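Hello,

Here is the structure we talked about. Please open it alongside this note; my findings follow below.

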Amino acid sequence: MKTNVDKLKILDLNRRFHDEVEADNYDERMGVNHSILEVRNTVLELESVLGRPLPAKGRVVDLGAGTGNISIKLALDGRFEKVTAVDISSKSLQVLESTALKHGVEVDTIVSDMQKLPFETNSLDLVVGCAFLHHLPDPVAFMLEVRRVLKPEAPFIIIGEPSYFGAAVTNMVKFPLVLINRLRNSFSRERLFHWEHDQIDVHTFSHDDIAEIFNSNFKEIRVSSEGFAEPVIDQAALVPLRHVLPDYLPLRVIFTVIRKVARFTDYLIFNPLLPASMKVTLKISGSS
Ligand SMILES: C[S@@+](CC[C@H](N)C(=O)[O-])C[C@H]1O[C@@H](n2cnc3c(N)ncnc32)[C@H](O)[C@@H]1O
């Protein structure tokens, strides 16, 4: 696991970054919406990662739920009796609550550090999460906590985690911008949340890391990967540029169009043609 861990800082920086920078912009930046089509696509994606249908009922928890990308869709899908979202960022969960209200669904929110899960042992029918594991200092210890709260045989599904290879490509592409940013920072006092997230995004994962984290504690582990152009362009260019360019509508529209074109290119070219080890985003599932 490539890691850059300063445990004391990570949790606080994650909370502050997602409260102060991401909560208000995340859905727009990532093109999150909760249309019927997106709900259906997300359920299909989760089922294809799991390799079988989602549980037909029960209690599901979305970990590192942020503004509700997954949990609101699962609430709209309607099969679970209770959908719960956990996140350290109270501001993100406020955005989640107002989006859920707009869509007429109920999602329970819990502001908590997910490294100690606020659930009883053997109590959950499904644990899901998107793009959160790489924020945690100790993924091995965290997954033991996930196993504790899952009912026997119940599954977990994790999507959107960065691969080691993808991060290496992204770092290479953004190197010139990193240099410019460091120069700029050396002349400025505004350093708090520049876009080099070393203490926020603390891991990238190779297939060996996945084996180390999951194999000894879960059954039926499945790993898949996807994406190249969209995640690389987003992380290496759009995210840094958003931090330095003025925030005005035409630019936001241009960025959205670039992401959509890149996503389509992935769908058409990179997902079918690239070998799994060269794709940028990892998805993992298993059961307790
Ligand atoms: C990249 S966002 C993903 C949000 C959402 N899952 C999605 O798919 O859009 C990662 C989320 O993990 C949360 N997070 C990071 N570390 C955490 C921790 N230790 N406990 C709880 N939440 C955490 C952040 O606050 C943030 O909302």
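**What I found**

Helix α1, residues 7-22, contributes three residues to the shell around the ligand, the most of any element. Keep in mind that the model is predicted.

**The ligand shell**

The ligand has 19 residues around it. The nearest are Tyr-26, Gly-64, Asp-87, Asp-113 and Cys-130. By class, the shell holds eight nonpolar residues, nine polar ones and two charged ones.

**Polar contacts**

Three contacts are worth a look. The side chain of Tyr-26 places an N or O atom 2.8 Å from an oxygen atom of the ligand. Tyr-26 is also one of the residues that come nearest to the ligand. His-18 has a polar side-chain atom 3.4 Å from a ligand oxygen atom. His-18 falls within the residue range of helix α1, 7-22. At Met-114 the backbone takes part: one of its polar atoms is 2.9 Å from a nitrogen atom of the ligand. How much of the ligand's surface does the protein bury? The ligand taken alone exposes 600 Å², and 96% of that is buried by the protein.

**Strands β3 and β4**

Strand β3 covers residues 82-87, and strand β4 covers residues 108-111. The two run parallel and are joined by four bridges. Thr-84 sits opposite Asp-108 of β4. Which helix does the chain pass through between β3 and β4? The path goes through helix α5, residues 90-102. This β-α-β crossover is right-handed. Asp-87, within the β3 range of 82-87, is among the residues nearest the ligand.

Best wishes

Conventions: Residues are numbered from 1 along each chain as its sequence is written. This is a predicted model: local features need pLDDT of at least 70, side-chain atom pairs count only at pLDDT 80 or more; totals for chains, interfaces and linings use all residues. Side-chain values use heavy atoms; hydrogens and water are left out. A residue is near a molecule or strand if one of its heavy atoms lies within 4 Å of it. A polar contact is a pair of N or O atoms within 3.5 Å; within protein, one must be able to donate a hydrogen and the other to accept it, and residues adjacent in sequence count only if both atoms are side-chain atoms. Accessible areas come from the Shrake-Rupley method with a 1.4 Å probe; for residues, only the protein chains shown count as cover. Ala, Val, Leu, Ile, Met, Phe, Trp, Tyr, Cys and Pro count as nonpolar, Asp, Glu, Lys and Arg as charged, and the others, Gly among them, as polar. Two strands pair if DSSP finds at least two bridges between them. A crossover is right-handed if, with the strands pointing away from the viewer, the path from the first strand over the helix to the second runs clockwise.
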